[in-house]
Amino acid sequence: MTTPLLLGLLAGAILSGTSLLYATLGETIVERSGIVNLGLEGLLLVGASVGFAVAAISGNPWLGLVAAAAAGALVNLVFGWLVVTRKSNQLAGGLAMMFFGFGASALIGAPHVGAVIRGLPKWRPAWLADVSWVQTTTLFKYDVLTWIAVPVAVLVWWVLFRTRWGLGLRAVGENPNAAFASGRDPAVFQYQALCLGGVLGGLGGAHLSLSLTGTWAEYMTAGRGFIAIALVIFSKWDPLRVIVGTLVFGGAEALELQLQARGSLMSPFLLEMFPYLLTIAVLLAWGGSRRLAAPASLGRTFYGSS
Amino acid sequence: MKERVRFAACALMLLAGLAVRPSAAQEPRLVIGAVYVGSVNDYGYNRSFHDALTQVARDLPDVKLLEAENVPESAEAESVMEGLVQQGAKLVIPTSFGYKDAARKVAKRHRDVAFEFAGDGEPESNFGVFFGQTQRAMYPMGVAAGKLTKTNKLGFVIGIPIGYSLGNVNAFQMGAASVNPKVQTIVVVTGGWADKAKEAAAANALLDQGCDVISMHVDSPATIIRTAEERGAMSIGFQSIEARALAPKGWITGLGFNWAPFFTETAKKVIAGRFRGEAIYQGLGQMVVVAPFGDSVPADVRAAVTKSAEDVRKGFNPFTGPLKDNRGGLALPPGASVGVDQMGSMNWYVEGVVGKVR
């Protein structure tokens with residue numbers, strides 16, 4: 001009744017990759033508008049804690065999900081006020097938002113640590129339930145966030161690259177002066193991008209607390225926000241590549257645990273480094289034109305056209 | 001993060017001050033100050049202390065309890081303990097191993113305040129050390145798992161492979177093998193004591209490989225127990241016996257801490273002015289207790305576990321040679337044994353454990 005390594009890897013990659021996918025997509029949209037949000041880790045934590053708290057109070061995980069998305073958008077709008085309206089430094093503002101997220105999530109989550117919640121319901125299609133190699137794994141038994149993860153990524157790609165709004169957004173990220181001259185207000189686009197990115201980040205955080213673990217613990221993201229920021233670069237700001245990137249990283253974490261569970265005689269300390277070694281290796285192998293792929297005005301504050 | 005903790009500590013001191021001052025007319029006979037590294041609602045380690053101290057404060061007349069949660073193992077711990085002493089605490093209980101240096105510093109400054117530190121080291125006149133020995137008590141847990149497994153594969157998630165964790169795994173496997181010679185215990189290390197998402201992934205990986213009973217040595221067993229329950233597997237808990245609420249179907253039993261009798265005794269000594277720091281390590285039946293069985297556990301398994309727990313309580317030491325390690329070597333020659341004081345330096349897995357120490 002053991003699961004073949006590849007199936008176990010795939011199952012693990014999808015489970016750990018889901019929250020990363022949403023977080024990375026959110027950051028991709030934000031960076032496409034020319035803003036770097038280093039506060040993503042805090043954003044995920046706020047999503048996870050608000051989602052959990054609302055689910056614990058109301059008994060309804062769906063309400064938790066909605067609240068997490070709203071809280072994510074709110075956090076990013078505050079960040080937007082800092083860096084778009086007040087034009088403060090994006091890196092400093094992002095780090096400030098990260099620490100704000102640490103504190104706020106701890107405060108919001110504290111009364112609910114240990115609460116027993118009803119997690120997001122999971123479905124497996126009936127025709128797959130009888131397949132023996134499916135039964136021994138978590139494959140195809142997913143909550144709504146995992147089921148729609150890939151469609152959401154495709155949707156984000158379509159919005160960014162096939163709509164007028166997406167064109168405007170990317171123009172703002174490449175050259176806000178030109179966008180401004182063509183009648184597009186960069187601030188409006190950046191606020192919209194931050195709002196969308198906040199919703200996606202909030203959902204990513206909520207997936208950790210409402211589905212994957214069913215628990216809330218302080219700093220439960222354990223660095224996943226930073227991994228997501230790295231994955232944006234890794235994926236060259238392309239939502240479709242984000243799918244691949246999150247599966248690769250999720251798969252690397254799954255490999256570490258699956259190898260141990262299969263009785264591999266590799267050192268657990270070596271295995272722990274594996275996801276990060278793999279990230280470095282792929283970055284090296286896929287190197288090259290990353291600087292060209294980045295939005296040209298990424299991280300630069302737009303002071304208005306003069 | 002330090003800012004947040006400092007803020008929390010200030011808020012706590014303020015609240016504690018508000019709480020204590022109005023009742024100054026009727027001074028409590030004893031104020032106990034407890035310092036926790038996590039939240040007291042973790043279904044785990046911190047909750048075990050909170051439950052015990054709450055009980056002491058309720059049972060003994062005029063005893064007040066001040067608690068500081070989420071205190072990091074840094075210089076912050078020192079200022080939090082100092083704050084508790086300023087609030088009138090005459091018995092301070094630093095419950096995390098990493099508070100060692102901070103606790104000793106504060107204890108040196110306040111010789112009139114008794115300290116009971118959950119860890120190890122030399123006791124001083126006003127500084128006692130204590131801990132519950134779980135390793136031998138894991139043997140009866142293994143008996144339960146060995147009897148109930150159908151796949152003969154047991155899963156064990158540990159945070160960091162320190163000697164105490166290895167001891168837990170080894171006793172678990174030996175207990176299981178004593179009733180089921182075909183059984184294996186597969187170990188997965190997550191690399192941290194509280195990475196929840198990775199704990200869920202680790203439990204899933206073990207279940208993918210056919211393990212049908214999961215146990216753990218992490219700060220809070222909640223995530224792993226929930227994951228096992230969701231996939232229809234059985235679980236054996238650790239740190240707090242309350243975790244059984246998370247697994248109505250798959251809960252077998254578990255180990256928890258019961259500090260209340262020890263703290264009651266200590267509080268009485270402090271009130272009577274008879275406190276002297278000692279090193280107190282207690283195992284099954286004293287500081288360590290077996291949790292209630294899950295409803296689905298059959299009577300013969302309950303009997304076997306109870307019998308085995310009784311043996312351990314009477315002094316049976318599973319870490320007695322000859323014992324083979326899981327690479328075929330002799331870990332412990334005939335006649336040799338590992339005492340509770342050497343458990344921290346254990347660096348091998350017993351035969352039947354699937355895993356690598358380093």
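**Exercise 1. In this predicted model, work out which way H2(B) passes H9(B) and how the two helices pack.**

Solution.
- Start with the handedness: the crossing of H2(B) over H9(B) is right-handed.
- Next, pin down the geometry. H2 covers residues 45-59 of chain B and H9 covers residues 260-272 of chain B; their axes are 9 Å apart and the packing angle is about 45 degrees.
- Now classify the pair. Angles under 35 degrees would count as roughly parallel and 65 to 115 as roughly perpendicular, so H2(B) and H9(B) are oblique to each other.
- Then look at who touches whom. From H2(B) come B:Phe49, B:Ala52, B:Leu53, B:Gln55 and B:Val56, and they meet B:Ala260, B:Phe263, B:Thr264 and B:Ala267 of H9(B).
- Finish with the chemistry: this contact between H2(B) and H9(B) has seven nonpolar residues, two polar and no charged.

**Exercise 2. Describe how H8(A) and H13(A) are arranged, and say what kinds of residues make their contact.**

Solution.
- Helix H8 is residues 149-162 of chain A, and its axis comes within 8 Å of the axis of H13(A), crossing at roughly 150 degrees.
- That angle makes H8(A) roughly antiparallel to H13(A).
- On the H8(A) side you'll find A:Val150, A:Ala153, A:Val154, A:Val156, A:Trp157, A:Leu160 and A:Phe161, facing A:Pro239, A:Leu240 and A:Ile243 in H13(A).
- Sort these residues and you get ten nonpolar, no polar and no charged.

**Exercise 3. Do the same for H2(A) and H3(A), adding the handedness of the crossing.**

Solution.
- The helices are H2 (residues 40-58) and H3 (residues 61-85) of chain A, with axes that come within 7 Å and cross at roughly 145 degrees.
- H2(A) passes H3(A) in a right-handed sense.
- Residues of H2(A) in the contact include A:Leu43, A:Val46, A:Gly47 and A:Val50, while H3(A) supplies, among them, A:Pro61, A:Leu63, A:Gly64 and A:Ala67.
- The tally for the H2(A) and H3(A) contact is eleven nonpolar residues, six polar and no charged.

**Exercise 4. How many residues of chain A and chain B are in contact, and what area is buried between the chains?**

Solution.
- Count the residues: 44 from chain A contact 39 from chain B.
- Then take the area. About 3400 Å² is buried between the two chains, and carbon and sulfur atoms give 57% of that.
- Add the charged pairs: there are three salt bridges between chain A and chain B.
- One such bridge joins the side chains of B:Lys198 and A:Glu256, at 3.0 Å from N to O.

**Exercise 5. Find what stands out in the backbone at A:Lys236 and at B:Pro322.**

Solution.
- Set the baseline: most residues other than glycine have a negative phi, and most peptide bonds are trans.
- A:Lys236 has a positive phi, near 55 degrees, and sits in the loop between H12 (224-234) and H13 (239-261) of chain A.
- In chain B, the bond from B:Gly321 to B:Pro322 is cis, with omega near 0 degrees.
- B:Pro322 lies in the loop between helix H10 (299-313) and strand E13 (323-324) of chain B.

Definitions and conventions
Residues numbered from 1 in each chain as written. Chains lettered and ligands numbered in written order. Predicted model: local features only at pLDDT ≥ 70, side-chain atom pairs only at ≥ 80, totals over all residues. Heavy atoms only, no water. Axes fitted to C-alpha atoms, helices over the stretch in contact; angles between N-to-C directions. Helix = DSSP H or I, 4+ residues; strand = E, 2+ residues; numbered from the N terminus. Parallel < 35°, antiparallel > 145°, perpendicular 65-115°, else oblique. Left-handed = near helix turned anticlockwise from the far one by under 90°. Contact = heavy atoms within 4.5 Å. Nonpolar A, V, L, I, M, F, W, Y, C, P; charged D, E, K, R; others polar. Buried area = accessible area lost by both parts, 1.4 Å probe. Salt bridge = Lys/Arg side-chain N within 4 Å of Asp/Glu carboxyl O.
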